[in-house]
Amino acid sequence: MAQELDCQRCGACCAYFRVSFYWAEADDAPGGTVPAGLTRQVNAQMRCMAGTERQPARCVALDGEVGRGVSCAIYAQRSSTCHDLQPGDEKCLRARAAHGLETPSREAIYVRSGAAPAHPASP
Ligand code: SF4
Ligand code: SF4
């Protein structure tokens with residue numbers, strides 16, 4: 001039987017990886033969207049979401065309690081890294097395991113319709 005993954009009751013990947021991306025995705029560059037004030041410089045080319053540069057990581061834009069109820073305060077402006085991580089992929093399951101959350105096999109996963117398939121990764 002399919003098991004449900006609901007990002008809005010998880011948030012593990014927003015509180016596990018360093019969420020880094022090309023610097024020009026921040027809104028102090030033309031066309032950038034991610035609020036620059038919520039980022040930290042990684043190197044000349046890359047920034048990351050503040051709070052994910054350290055361990056334990058937790059993105060400054062993550063509201064709520066991991067594993068219970070969460071939301072992203074900048075959902076519409078989030079980085080490509082956040083877009084790319086998909087519920088049920090390898091990074092998702094790794095982050096969930098690190099938080100002690102259920103990690104169903106990929107064949108058994110049902111991604112809840114309407115849930116925000118949001119989240120990030122960049123080890
Ligand atoms: S992508 Fe996976 S780890 Fe991230 S919030 Fe959704 S279910 Fe949780
Ligand atoms: S989806 Fe939102 S809360 Fe999660 S890492 Fe990205 S910016 Fe942070």
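**Entry 1: a hairpin to start**

I opened the predicted model at the hairpin of β5 and β6, where 3 residues lie between the strands and G67 takes a positive phi near 85°. I then checked how the two strands meet: β5 (residues 62-65) and β6 pair in the antiparallel sense over 4 bridges. For one rung of that ladder I looked up D63, and its bridge partner in β6 is S71.

Next I turned β6 (residues 69-72) around to compare its faces. V70 and C72 make up the covered face, while G69 and S71 make up the uncovered one. So S71, the partner of D63, sits on the uncovered side, going by the two faces of β6.

**Entry 2: just past the hairpin**

I followed the chain out of β6 and stopped at Y75, which lies in the loop between β6 and α1 (80-84). Is Y75 buried or exposed? I found 11 C-beta neighbours inside 10 Å; the cut-off for exposed is 12 or fewer, so Y75 counts as exposed. I also took a distance back to L62: the two are 13 residues apart in sequence and 9.5 Å apart in space, C-alpha to C-alpha.

**Entry 3: stepping back**

Time for the whole chain. I noted 2 helices and 7 strands, and along the sequence they run β-β-β-β-β-β-α-α-β. Of the 123 residues, 35% count as buried. I also looked at contacts between residues at least 6 apart in sequence, and 67% of them join residues at least 24 apart.

**Entry 4: the open sheet**

Which order do the strands of the open sheet take? I read β2-β4-β3, a sheet of 3 strands with antiparallel pairing. β2 (20-22) and β3 (39-41) stand at the edges with a single partner strand each, so one side of each has no neighbour in the sheet. The twist averages 40° from one strand to the next.

I zoomed in on one pair here. β2 and β4 (residues 46-49) pair in the antiparallel sense over 3 bridges, and F21 stands opposite R47 in β4.

Leaving β4, I reached the loop between β4 and β5, which holds P56. The peptide bond joining Q55 and P56 is cis, with omega about 0°. I flagged it in the margin, since most peptide bonds are trans.

**Entry 5: the core**

Which residues have the most contacts inside the largest nonpolar core? I listed A12, C13, A15, C59 and L62, in a core of 23 residues. The elements giving two or more residues to this core are β4, β6 and α2 (90-98), and α2 gives the most, with 3 residues. L62 was already in my notes as the residue 9.5 Å from Y75, C-alpha to C-alpha.

I picked A12 for a closer look. Leaving aside residues up to four places away in sequence, A12 touches V66, A95, R96, A98, H99 and L101.

**Entry 6: the second helix**

That list sent me to α2. I found C92, L93, A95 and R96 to be its buried residues. Viewed down the axis of α2, these fall within an arc of 160°, so they line one face of the helix. Two of them, A95 and R96, are also among the residues that A12 touches.

Last stop for today was the residue G100, which follows α2 and has a positive phi, near 75°. That makes a second glycine with a positive phi in my notes, alongside G67 in the hairpin.

Terms used:
Residues are numbered from 1 along each chain as its sequence is written. Chains are lettered from A and ligands numbered from 1 in the order in which they are written. This is a predicted model: local features need pLDDT of at least 70, side-chain atom pairs count only at pLDDT 80 or more; totals for chains, interfaces and linings use all residues. A residue is buried if 20 or more other C-beta atoms lie within 10 Å of its own, exposed if 12 or fewer, and partly exposed in between; C-beta atoms are placed from the backbone. Two residues are in contact if their C-beta atoms, placed from the backbone, lie within 7 Å. Two strands pair if DSSP finds at least two bridges between them. Axes are lines fitted to C-alpha atoms, for helices over the stretch in contact, and angles run from 0 to 180 degrees between N-to-C directions. A nonpolar core is a set of buried Ala, Val, Leu, Ile, Met, Phe, Trp, Tyr and Cys residues joined through C-beta atoms within 7 Å. The arc is that of the directions from the helix axis to the C-beta atoms.
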